[in-house]
Amino acid sequence: MKQIKRKTAAAIVMTRVVILVMTAVTLVLLRVPIRVLGATNDSWQEDGKMTIILDPMYNGQNSGGVVVYEGKTYYTSAINYALAAAMKEELEKYDDVEVLLSRTKDEKVSLQNRKNFIDSHREADFFITTWVDSSGTGKASGLRADVYKKGDYDSTEDKIGQESALVGEHMQQVISAVTGLPISKRPIGKDYWAVTTAAQNAAIPNLYFCFGDLSNEEELKLYWSDPEKVKQLGIIAARGFATAYGLKREDNILTIVLDPGHGGNEFGAVCTWDNITYHEKDINLKIAQYLRTLLNQYEDVQVFLTREDDKLVGLLQRTKFAQGNLADVLISVHNNASEYHTAHGCMVLVTSTRWQPSHTPLNLYQTSEELALSFLARWQALGIDLSQDLNTKSDGILRRLHPEETEQVRYPNGDIKDYYAIVRNGVEAGLPSIILEHAYVDYESDFKTYLMTEDQLRILAQADCEAIVKYYSLQKKKS
């Protein structure tokens with residue numbers, strides 16, 4: 001668990017807060033959802049250690065697919081090993097994790113020997129073959145996670161295949177969100193590989209994980225020709241696996257993911273003042289960028305943005321991006337608007353449930369509320385009123401429930417899920433996730449006082465920075 005100093009509730013402000021966030025129902029694939037779906041591989045929990053077999057496809061350094069590009073020869077076997085080695089190095093940073101490689105860098109290992117390796121390590125908790133395809137046509141691009149499949153992997157008859165598919169899907173989403181590699185349209189579960197069959201026979205959840213196609217020129221230029229980018233892909237894949245199971249690690253870095261809301265053809269709130277049209281998406285991005293610059297002045301802090309420019313990022317992708325970067329908190333930066341353009345003021349949207357995944361190292365409900373109060377206190381000091389819109393409580397916090405009441409929109413404890421996707425996905429990921437609504441774009445006084453000029457946006461970012469610094473007890477870097 002990350003060792004980060006946090007302020008207590010008493011040290012923040014003894015007022016209460018309620019929440020609000022974004023939209024889309026999606027399953028975040030952590031250990032608890034897997035358990036709900038009936039996964040049976042609990043040995044790693046019983047002995048307190050997770051053992052993972054990583055199997056770099058092909059034998060030796062110069063085998064498998066071969067591509068010559070700009071006078072240099074690339075072998076899939078070498079890339080496969082580099083991916084596995086990077087995954088091993090990253091996974092071993094987690095508590096109580098053991099990683100076994102089925103071969104060394106240049107070792108030639110027959111298929112039968114690889115199957116024997118699996119059979120001799122039946123105590124393993126997961127098996128992953130790492131590989132890059134070499135189709136010759138370049139059409140096998142994108143991330144693919146194959147599992148041993150007995151018919152439909154969604155059925156309860158094949159619980160190991162079901163667990164494997166959920167982990168594979170989560171890894172795909174995390175890698176794609178962080179690196180931009182697309183996910184293949186080929187569905188998970190179409191598997192016929194001998195090694196995953198051997199793993200299935202040993203009752204070990206398994207993946208035949210393909211990172212892309214060496215013969216796809218665009219992928220080769222962007223990823224496979226650069227050893228550092230190959231290593232980074234392996235690191236992100238390892239983090240995808242680790243977050244699927246809620247594995248824990250210790251470090252002293254506070255990782256903050258700022259999420260500038262909307263983007264691309266999703267404008268957010270739109271208003272026209274003095275014959276100039278303003279889009280919320282642009283305001284959100286500027287505040288987030290100013291805030292990152294300010295936070296980078298503090299010790300032991302790293303900050304990532306879910307988007308750096310005017311592009312649309314999917315709601316689930318934002319959470320996956322945060323997980324891939326080992327975020328401690330996801331802060332979604334927004335500004336508001338109301339139906340009749342009469343509402344004004346600030347609010348923070350937080351979770352309504354006290355349920356959280358069992359592996360979560362902190363109290364999500366309490367953390368979200370306390371952090372929200374820290375923001376609201378700074379905004380009020382600027383003169384921004386607390387909003388009363390959308391049934392927000394008098395403290396400026398909004399907790400909004402999903403309007404449906406079916407089983408599909410309930411957390412495992414029976415609580416109705418949060419309405420906004422950023423908040424809901426964060427809860428399911430065990431990640432504190434809040435939405436900041438600084439002021440109303442469509443309310444003239446709010447806009448012209450707080451959102452209209454670059455200097456005003458910098459002041460808001462400074463207030464946001466002070467809220468985070470206060471809550472996490474951050475110290476400025478020494479000059």
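Analyst: Quick ground rule before we start: a residue counts as buried when its relative accessible area is under 20%, as exposed when it is over 50%, and as partly exposed in between. Also, this is a predicted model.

User: Fine. Why is Y278 called buried?

Analyst: Y278 comes out at 16% relative accessibility. The cut-off is under 20%, so Y278 counts as buried.

User: And F447, buried or exposed?

Analyst: F447 has a relative accessible area of 0%. Set against the limit of under 20%, that makes F447 buried.

User: What makes H341 "partly exposed"?

Analyst: H341 sits at 48% relative accessibility. Buried needs under 20% and exposed needs over 50%, so H341 lands in between and counts as partly exposed. H341 also has a positive phi of about 60° although it is not a glycine, and it lies in the loop between β12 and β13 (347-349).

User: Where else does a positive phi turn up in a non-glycine residue?

Analyst: D274 is one of them, with a phi of about 55°, in the loop between β9 (270-273) and β10. Just after helix α6, A203 takes a positive phi of about 60°.

User: Back to Y278 and F447. What makes their rings a tilted pair?

Analyst: There are twelve aromatic pairs by the centre-distance rule. In the Y278 and F447 pair the ring centres are 4.6 Å apart, with the planes at 55°. Pairing needs centres within 6.5 Å, stacked needs planes under 30 degrees apart and edge-to-face needs over 60, so 55° makes this pair tilted.

User: Which parts of the chain does that pair link?

Analyst: Distant ones: Y278 is in strand β10 (residues 276-279) and F447 is in helix α13 (residues 444-451), 169 residues apart.

User: While we're at α13, why are α13 and α14 described the way they are in terms of direction?

Analyst: Their axes cross at roughly 85° and come within 7 Å. Angles of 65 to 115 count as roughly perpendicular, and α13 and α14 are therefore roughly perpendicular to each other. On the α13 side the contact is made by F447, K448, T449, Y450 and L451, and on the α14 side by Q456, L457 and L460.

User: What other aromatic groupings are there?

Analyst: F126, F241 and Y245 form one aromatic cluster. Y245 lies in helix α8 (residues 227-245), and at 1% relative accessibility it counts as buried. The C-alpha atoms of Y245 and M50 are separated by 9.9 Å, though the two are 195 residues apart along the chain.

User: Which charged group sits over the ring of Y419?

Analyst: The charged end of R400, at 4.2 Å from the ring centre; the distance limit is within 6 Å. R249 lies over the face of Y94, 4.8 Å from the ring centre.

User: How do you know that strand β8 is largely enclosed?

Analyst: Seven of the seven residues of β8 (residues 254-260) are buried, so the rest of the structure largely encloses this strand. L254, I256, L258 and P260 point one way, while T255, V257 and D259 point the other way.

User: Which strands does β8 pair with, and in what sense?

Analyst: β8 pairs with β11 (residues 301-305) in the parallel sense over five bridges, and V257 has F304 as its bridge partner there. Five bridges also join β8 to β12 (residues 329-336), again running parallel, with L258 opposite I331. Two bridges are enough for pairing.

User: Now the open sheet. What makes β4 and β6 its edges?

Analyst: The order is β4-β1-β5-β7-β6, with mixed pairing. β4 (97-101) and β6 (144-146) each have a single partner strand, so one side of each has no neighbour in the sheet. Neighbouring strands of this sheet are turned by 25° against each other on average, direction ignored. Where β6 meets β7, the pairing is antiparallel over three bridges, and R144 is bridged to C210 of β7. Helix α7 (residues 217-224) packs on the sheet, touching β5 and β7, and its direction makes about 105° with that of β7.

User: Which residues of α6 are buried?

Analyst: In α6 (residues 194-201) they are V195, T196, A198, A199 and Q200. They pack against β1 (50-56), α4 (111-119), β5 (126-133), α5 (159-179) and β7 (206-213).

Methods
Residues numbered from 1 in each chain as written. Predicted model: local features only at pLDDT ≥ 70, side-chain atom pairs only at ≥ 80, totals over all residues. Heavy atoms only, no water. Buried < 20%, exposed > 50% of the residue type's maximum accessible area, 1.4 Å probe, protein only. Helix = DSSP H or I, 4+ residues; strand = E, 2+ residues; numbered from the N terminus. Phe/Tyr/Trp six-rings, centres within 6.5 Å; stacked < 30°, edge-to-face > 60°. Lys NZ or Arg CZ within 6 Å of the ring centre and 35° of its normal. Axes fitted to C-alpha atoms, helices over the stretch in contact; angles between N-to-C directions. Parallel < 35°, antiparallel > 145°, perpendicular 65-115°, else oblique. Contact = heavy atoms within 4.5 Å.
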